[in-house]
Amino acid sequence: MSAVSAEAAPGKVRPRRGDRQATDGDGAAPLAPRARLLPALSAVYRAQLSRARVARIPLLFVATFQSVGIMILMRGVVDGGDEARAVVAGSSVLVVAFVALNLLAQYFGQLRASGGLDHYATLPVPPAAVVLGAAGAYASFTAPGTVVTAVAGSLLFKLPLVHLWVLAAVVPLSGAALAGLGAALGLLAPRQELATLCGQLGMSAALLLGVLPAARMPEPIAWARDLLPSTYGVEALARSFDAHPDWLLVAADLGVCAAVGVVSLAVATWAYRRAAVR
Amino acid sequence: MRTVGKQAERAAGATVCAVRGLVKTYPPARGRRGAPGADAVRASDGIDLDVRRGEIFGLLGPNGAGKTTLVRQLTGLLRPDEGSVALLGHDIVRHPERAARLIGYLGQESSALDELTVALAAETTGRLRGLDLRTARAERDAVLDELGLTAIAGRPLKKLSGGQRRLACFAAALVGERPLLVLDEPTTGMDPVARRAVWAAVDRRRAEHGTTVLLVTHNVIEAETVLDRVAVLERGRIIACDTPAGLKELVGDEVRVDLVWRDEPPLDVPEVAALRDVAHETGRRWSLRLAPAEARAAVAAVTGGPAFAALDDFTLATPSLEDVYLALGGGRAQGLVKA
């Protein structure tokens, strides 16, 4: 029996991206088109955002109340100035860490453990579309909570609200960095429980190292603070509370977030590819 | 079903899926504290398989026989240690990513879709199969309508019953047409209406597009009614591969007699006492596999005379695929033929 299909196309056509008539070159059947990156990304993003709406709204409330609660607690300890800025900025970025790092690590860990990745792996979709779509949805889901926390904190500590527009850059960039990290942790962890643990630890680190004033930290912990990508989002936001912010330093901090975001999302994409084909 | 089978045979000649010498061994698991490690498992042990265009081909076997491992290698999800897999002329071992462009796959897990609504699950899957938005939506509507899911299109999969959720996943597998459908236990938990909708949808695609279906199942009754050919898997090997009728000939012309006693079997009747030696007893029920003449004699003995008073019910049946399955060793303990 021949292994060649009856509908084999006489093909010397070279397979091209998204090409409806791509063939193996030796008379094999035509392949269906691949999903292109951007439409696939937007489809994953939409689907993830819709499931986030159903399943994650209570958690977003938790994340926001947690951050607001921390700021209220810290009001007894901190009396304005640099430290107040660090508390408000740290609490705001904590919302991003909670959703993008912690929840996304859990989601991918659970998807991998339950075999749900097979669904994506048997569709002709670029790995980057799945990872970026999910990371983007989780990151954008943090936006309302971050804004509420930042505004509430500014009012609480009497900080200026004029430069809060910088959140429009802080949320997506620190979101990209933390979501990439969360996705990579979730996909690389050998077991689902470890993915959850890593996500929780990452969020605790973002909480302690972001909210507590840096000046009082022992040196090794200050290094750990420098290694955590959320720190740069916190710093960028904290600087914007100055009357005349140094925009160059803000841009540099956000640049670090963006760079970490690119690297961690690339690692997450690699990890997805590795997890999908075992 | 048989007429459809004949159609498929006419259309045959082209092999959609050709597997040669497939071997996959899972490495031994290391033991953890207290628990001993597991030995290496040869989940695919030299499998050869040809699936022809337009047929519904079944993989039948007990849990752990290697059905899902085989399917994962066919769909490019798992790389075989040895052997070749060709789908419609494409080498899937060398180009596993091409499988996604040839196959519509329904796995056992729905966790990727669980929190989506039925409509969004189907639409998103279609878009990820490379359809543009308008086509994905049109196909989504058509498939949901075909499977009778339109009324629950707006509900999340998580909130549905097991059978409905399975049907919604099946709908997602159909959006974005593919020449080969690989379905891993598609009808688990479905009611007869849903099951009928599944097979009607499969038959329609086969009639209109010559779609081939590779079906994993351990439901022998379903296998008997829908499959054109069956491969029986046992410990990573194919121990038989034929049409359901062809497989039944393997157990010869034996007849199955089931006797159910009201209370205690009347062992004082010599014929009944003799039957006990060959009967498989489960509570008050005796199952016997007998040659036709023996079966006639047995039925005569228990339906006349003193034994009849003790008899609650009896059935006489020609062999089913289940008997073949047990006879081939699919039941492990009752294996008559060891491959």
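The legends below describe close-up views of a predicted model with chains A and B.

**View 1. Chain B as a whole.** The C-alpha trace of chain B spans about 75 × 55 × 45 Å along its principal axes. Its secondary structure comes to 12 helices and 14 strands. Of the 339 residues of chain B, 47% count as buried. Among contacts in chain B with a separation of 6 or more, 70% are between residues 24 or more positions apart.

**View 2. The open antiparallel sheet of chain B, with strand order 2-1-4-5.** This sheet has 4 strands. Strand 2 and strand 5 (90-91) of chain B are its edge strands, each pairing on one side only. Helix 2 of chain B packs on the sheet and touches strand 1, strand 2 and strand 4 of chain B. The direction of helix 2 makes about 60° with that of strand 2 of chain B.

**View 3. Strand 1 of chain B and its two neighbours, centred on V23(B).** Strand 1 (residues 15-26) and strand 2 (residues 41-52) of chain B run antiparallel and are joined by 9 bridges. Strand 1 of chain B is also joined to strand 4 (residues 82-87) of chain B, by 5 bridges, and this pair runs antiparallel too. Which residue of strand 2 of chain B stands opposite V23(B)? In strand 2 of chain B that residue is D45(B), while in strand 4 of chain B the bridge partner of V23(B) is E82(B). In a regular strand, side chains alternate between the two faces of the sheet.

**View 4. The open mixed sheet of chain B, with strand order 6-7-8-3-9-10.** The sheet is made of 6 strands. Its edge strands are strand 6 (103-106) and strand 10 (237-242) of chain B, and each of them pairs on one side only. From one strand to the next the twist averages 15°. Strand 3 (residues 56-60) and strand 8 (residues 212-217) of chain B pair in the parallel sense over 5 bridges. Within this pair, L59(B) has V216(B) in strand 8 of chain B as its bridge partner.

**View 5. Helix 2 of chain B across the strands of the mixed sheet.** Helix 2 (residues 67-74) of chain B lies across strand 3, strand 7 (180-184), strand 8 and strand 9 (229-234) of chain B. The helix runs at about 150° to strand 7 of chain B. Helix 2 of chain B also touches strand 1, strand 2 and strand 4 of chain B, in the antiparallel sheet.

**View 6. The contact between chain B and chain A.** In this contact, 39 residues of chain B meet 39 residues of chain A. Strand 1, strand 6 and helix 3 (118-128) of chain B each supply at least two residues of the side of chain B that touches chain A. Helix 3 of chain B gives the most to that side, with 5 residues.

**View 7. Helix 2 of chain A and its buried face.** The 18 residues of helix 2 of chain A should span 26 Å at 1.5 Å a residue, and the end C-alpha atoms are 26 Å apart, which agrees. L60(A), A63(A), T64(A), S67(A), M71(A) and M74(A) are buried in this helix. Seen down the axis of helix 2 of chain A, the buried residues fall within an arc of 100°, so they line one face. An α-helix has 3.6 residues a turn, so residues three or four places apart point the same way. The cover over the buried residues of helix 2 of chain A includes helix 3, helix 5 (127-141), helix 6 and helix 8 (192-211) of chain A. The face turned away from the buried side of helix 2 of chain A carries the exposed residues P58(A), F61(A), G69(A) and L73(A).

**View 8. Helix 6 of chain A and the residue that follows.** Helix 6 (residues 143-156) of chain A has 14 residues, which at 1.5 Å a residue should span 20 Å; its end C-alpha atoms are 20 Å apart, in agreement. Its buried residues are G145(A), T146(A), T149(A), A150(A), G153(A) and S154(A). They cover an arc of only 155° around the axis, which puts them on the same side of helix 6 of chain A. Helix 2 (57-74), helix 3 (81-114) and helix 7 (167-188) of chain A are among the elements that cover these residues. Just after helix 6 of chain A, K158(A) takes a positive phi of about 55°.

**View 9. Two spans of chain A annotated as "transmembrane region" in UniProt.** The annotation, from an unreviewed entry, covers several spans of chain A, including residues 86-108 and 194-215. Over residues 86-108 of chain A the chain is 100% helix and 0% strand, with end C-alpha atoms 31 Å apart. Residues 194-215 of chain A are 82% helix and 0% strand, and the end C-alpha atoms of this span lie 32 Å apart.

Notes
Residues numbered from 1 in each chain as written. Chains lettered and ligands numbered in written order. Predicted model: local features only at pLDDT ≥ 70, side-chain atom pairs only at ≥ 80, totals over all residues. Pairing = 2+ DSSP bridges. Expected span 1.5 Å × (residues − 1). Buried ≥ 20, exposed ≤ 12 C-beta atoms within 10 Å, placed from the backbone. Arc of directions from axis to C-beta. Contact = placed C-beta atoms within 7 Å. UniProt positions renumbered as here; feature names shortened; annotations may be inferred. Axes fitted to C-alpha atoms, helices over the stretch in contact; angles between N-to-C directions.
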